[in-house]
Amino acid sequence: MQQVERTAAELAEAAILRAADEQRFIIALSGPPGAGKSTLSEMLVAEFSRRGQTAAIVPMDGFHLDNAVLEARGTLARKGAPFTFDADGYAVLLQRLRKTPAAEVAVPVFDRVLDLARAGGRIIAPEHRFLIAEGNYLLLDEDPWKRLADMFDLTVMLKADPGELRRRLVDRWLAHGLDPEQALARALSNDIPNAELVVRNSRKADLEIRD
């Protein structure tokens with residue numbers, strides 16, 4: 001935890017220095033599933049607050065395609081893969097947040113318990129100067145994700161040891177009630193290939209952090 005706190009402090013300091021007088025500054029916090037992006041994002045918001053700055057998280061997961069859509073396409077088993085998100089919709093949201101910083105904007109968030117995205121689940125207000133765009137594929141160097149490249153003022157890639165990622169991803173499914181064999185199968189069939197894709201095909205970030 002202390003390492004994450006130090007990382008959050010360093011990232012906040014770097015962002016504040018780069019932001020200068022910018023009214024809105026967008027940070028891309030990317031990395032494979034299980035790398036700790038959500039935890040770091042929350043700690044980064046808290047760190048900005050300690051420094052007298054306002055920040056909010058704009059999660060990519062809010063743009064999961066609905067299960068009904070994925071089922072109709074035959075891709076429900078791959079939920080979480082790049083093609084199971086509305087990447088273009090996320091790009092439009094980021095453009096709106098950048099171009100209209102004085103406006104209040106509702107953004108969707110993903111509810112893990114309900115396994116669906118909730119429209120208007122979070123409000124980005126004009127006072128939120130620093131926005132943390134958080135998600136697996138923000139730096140993926142392939143269409144349509146690479147069209148996000150111009151949206152960010154600072155890019156960060158969070159990495160973790162492959163063995164540790166595997167353990168965390170299996171633990172996620174265990175927490176959802178699967179037995180160990182089922183949890184491993186789910187991780188190997190989707191989560192781990194997605195993690196490998198992020199590591200292999202993402203653009204180099206301004207900052208790289210190993211959890």
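Which backbone oxygen does the side chain of Ser30 reach? In this predicted model, the side chain of Ser30 reaches the backbone oxygen of Gly135, at 3.2 Å. Ser30 lies in strand β1 and, with a relative accessibility of 0%, counts as buried, the cut-off for that class being under 20%. When neighbours within four places in sequence are left aside, the contacts of Ser30 comprise Lys37, Gly135, Asn136, Tyr137, Leu138, Leu139, Val156, Met157 and Leu158. The C-alpha atoms of Ser30 and Ala133 are 8.1 Å apart in space, although 103 residues separate the two in sequence.

The strand that holds Ser30 belongs to an open sheet of 5 strands, in which the order is β2-β5-β1-β6-β7 and the pairing is parallel. Strands β2 (55–59) and β7 (207–210) stand at the edges, and because each has a single partner strand, one side of each is left without a neighbour in the sheet. From one strand to the next, the twist averages 25 degrees. Strand β1 (residues 25–30) is joined to strand β5 (residues 130–135) by 6 bridges, the two running parallel, and Ala28 has Ala133 as its bridge partner in β5. Helix α2 (residues 37–50) packs on the sheet, where it touches β1, β2, β5 and β6 (154–159), and its direction makes about 175 degrees with that of β5.

On the other side of β5 in the strand order, β2 is joined to β5 by 5 bridges, again with a parallel course. The bridge partner of Ile57 in β5 is Ile132, a residue that is also the bridge partner of Ile27, while Pro59 is partnered in β5 by Glu134. In a regular strand, side chains alternate between the two faces of the sheet. In β2, Ala55, Ile57 and Pro59 point one way and Ala56 and Val58 the other way, and all are buried; with 5 of its 5 residues buried, β2 is therefore largely enclosed by the rest of the structure. Strand β5 is likewise covered on both faces, with Phe130, Ile132 and Glu134 buried on one side and Leu131, Ala133 and Gly135 buried on the other. As 6 of the 6 residues of β5 are buried, this strand too is largely enclosed by the rest of the structure.

Two helices, α5 and α6, were examined for length, burial and capping. For the 14 residues of α5 (162–175), a rise of 1.5 Å a residue gives an expected span of 20 Å, which agrees with the 20 Å between its end C-alpha atoms. Leu165, Arg168, Leu169, Val170 and Trp173 are buried in α5, and the buried residues of this helix pack against α6. At the start of α5, a side-chain oxygen of Asp161 comes to within 3.0 Å of the backbone nitrogen of Gly163, whereas the helix is followed by Gly177, whose phi is positive, near 95 degrees.

Helix α6 (residues 180–201) has 22 residues, which at 1.5 Å a residue should span 32 Å, and the 30 Å between its end C-alpha atoms agrees with this expectation. A kink of about 45 degrees in α6 is centred on Leu188. The N-terminal end of α6 is capped by Asp179, a side-chain oxygen of which lies 3.1 Å from the backbone nitrogen of Glu181. Buried residues in α6 are Ala183, Ala187, Asn190, Asp191, Ile192, Asn194, Ala195, Leu197 and Val198, and they pack against β6 and α5.

Several backbone features in the loops remain to be described. Most residues other than glycine have a negative phi, and most peptide bonds are trans. Ala20, in the loop between α1 (2–19) and β1, has a positive phi of about 50 degrees although it is not a glycine, and its relative accessible area of 51% places it as exposed. Asp115, found in the loop between β3 (105–111) and β4 (116–124), also has a positive phi, of about 60 degrees, without being a glycine, but counts as partly exposed at 32% relative accessibility. A cis peptide bond, with omega of about 0 degrees, joins Asp143 and Pro144, and Pro144 has its place in the loop between β5 and β6.

Conventions. Residues numbered from 1 in each chain as written. Predicted model: local features only at pLDDT ≥ 70, side-chain atom pairs only at ≥ 80, totals over all residues. Heavy atoms only, no water. Pairing = 2+ DSSP bridges. Helix = DSSP H or I, 4+ residues; strand = E, 2+ residues; numbered from the N terminus. Axes fitted to C-alpha atoms, helices over the stretch in contact; angles between N-to-C directions. Contact = heavy atoms within 4.5 Å. Expected span 1.5 Å × (residues − 1). Bend = angle between axes of the 7 residues up to and from the residue. Buried < 20%, exposed > 50% of the residue type's maximum accessible area, 1.4 Å probe, protein only. Polar contact = N/O pair within 3.5 Å; in protein donor to acceptor, adjacent residues only side chain to side chain.
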